[in-house]
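Hi,

Here is the structure I promised to pass on. Have a look at it first, and then read my notes below.

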Amino acid sequence: MAKLNIVLLEPEIPANTGNIGRTCCATGTKLHLIEPMGFRINEKSLKRAGMDYWKDLEWYLYDDYEDFLAKNPDSIGRTYYATTKAHKTYADAEFKPGDYIMFGKESTGIPEEILVENEDKCIRIPMREEYRSLNLSNSVAIIAYEAMRQNQFKSLEEYGELHRLKWDK
């Protein structure tokens, strides 16, 4: 089954990106990072947030948005754009294996020109109107797990195992 793709367009905060890398490892998702970024890829805070999972992460780095598109022609028409400006919610999307979900930088999101060109693929997370947005890593986790749910959590662990304590017997 094709892997889901998380795309971060110009991320600014290394701890968010580290946390997102950890989520990608847990879900078997690819991570695409588009420069310029607000940090260097070898920063300690990035690695600390990603814990020891970063070594297992399948990730790619691009010079800019055009470089990403050129190297991922299959993303055209298969990318959802997470934005607070969307008319549809992430629950309205029909995620398929191999789809891409793009998130913009923490301070300004995805540029308006990209959103306007792809309005039918823009999705949002509902929230109270007096709040601007959720934390980027939380937003990625919410939408990534919805995409995984829609695909029956394929390739993820199906069952947990509860260990009964002695005094529960």
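The largest pocket has 23 residues in its lining, and those nearest its centre are Thr84, Lys105, Gly109, Ser133 and Leu134. Before you go further, bear in mind that this is a predicted model. The space in that pocket comes to about 500 Å³. Two elements give two or more residues to its lining, namely strand E7 (122–124) and helix H5 (136–150). H5 supplies the largest share, with three residues. As for chemistry, the lining splits into nine nonpolar, nine polar and five charged residues.

Next, the charged pairs. Side chains of opposite charge can pair when their charged atoms come close. I count nine salt bridges here, and three of them are worth finding on your screen.

Start with Glu58 and Lys3, whose closest N and O atoms are 2.8 Å apart. Glu58 sits in the loop between helix H2 (44–50) and strand E3 (59–62), while Lys3 belongs to the segment before strand E1 (5–9), so this salt bridge ties together parts that are 55 residues apart in sequence. Both ends are partly exposed: Glu58 has a relative accessible area of 26%, and Lys3 has one of 37%.

Then go to Lys85 and Glu112, another salt bridge, again with 2.8 Å between the closest N and O atoms. Here the loop between strand E4 (79–82) and strand E5 (88–89) holds Lys85, and helix H4 (residues 112–117) holds Glu112, so the pair links parts 27 residues apart in sequence. Lys85 is partly exposed at 48% relative accessible area, and Glu112 is partly exposed too, at 43%.

The third pair is Asp56 with Lys55, joined by a salt bridge of 3.2 Å, N to O. Are these two residues buried or exposed? Asp56 counts as exposed, at 55% relative accessibility, and Lys55 is exposed as well, with a relative accessible area of 66%.

Finally, the cysteines. How many disulfides does a search of the whole structure find? It finds zero. Take Cys25 as an example: the closest cysteine sulfur, in Cys24, is 7.3 Å from the sulfur of Cys25, which is too far for a bond because a disulfide needs the two sulfur atoms within 2.5 Å. Cys25 is partly exposed, its relative accessible area being 25%. Cys122, on the other hand, is buried, with a relative accessible area of 5%.

Over to you!

Definitions and conventions
Residues numbered from 1 in each chain as written. Predicted model: local features only at pLDDT ≥ 70, side-chain atom pairs only at ≥ 80, totals over all residues. Heavy atoms only, no water. Buried < 20%, exposed > 50% of the residue type's maximum accessible area, 1.4 Å probe, protein only. 1 Å grid on protein atoms, 1.4 Å probe; cavity = no way out; pocket = protein on both sides within 12 Å on 5 of 7 lines; lining within 4 Å. Points joined across faces, edges and corners; volume = space filled by probe spheres on them. Helix = DSSP H or I, 4+ residues; strand = E, 2+ residues; numbered from the N terminus. Nonpolar A, V, L, I, M, F, W, Y, C, P; charged D, E, K, R; others polar. Salt bridge = Lys/Arg side-chain N within 4 Å of Asp/Glu carboxyl O.
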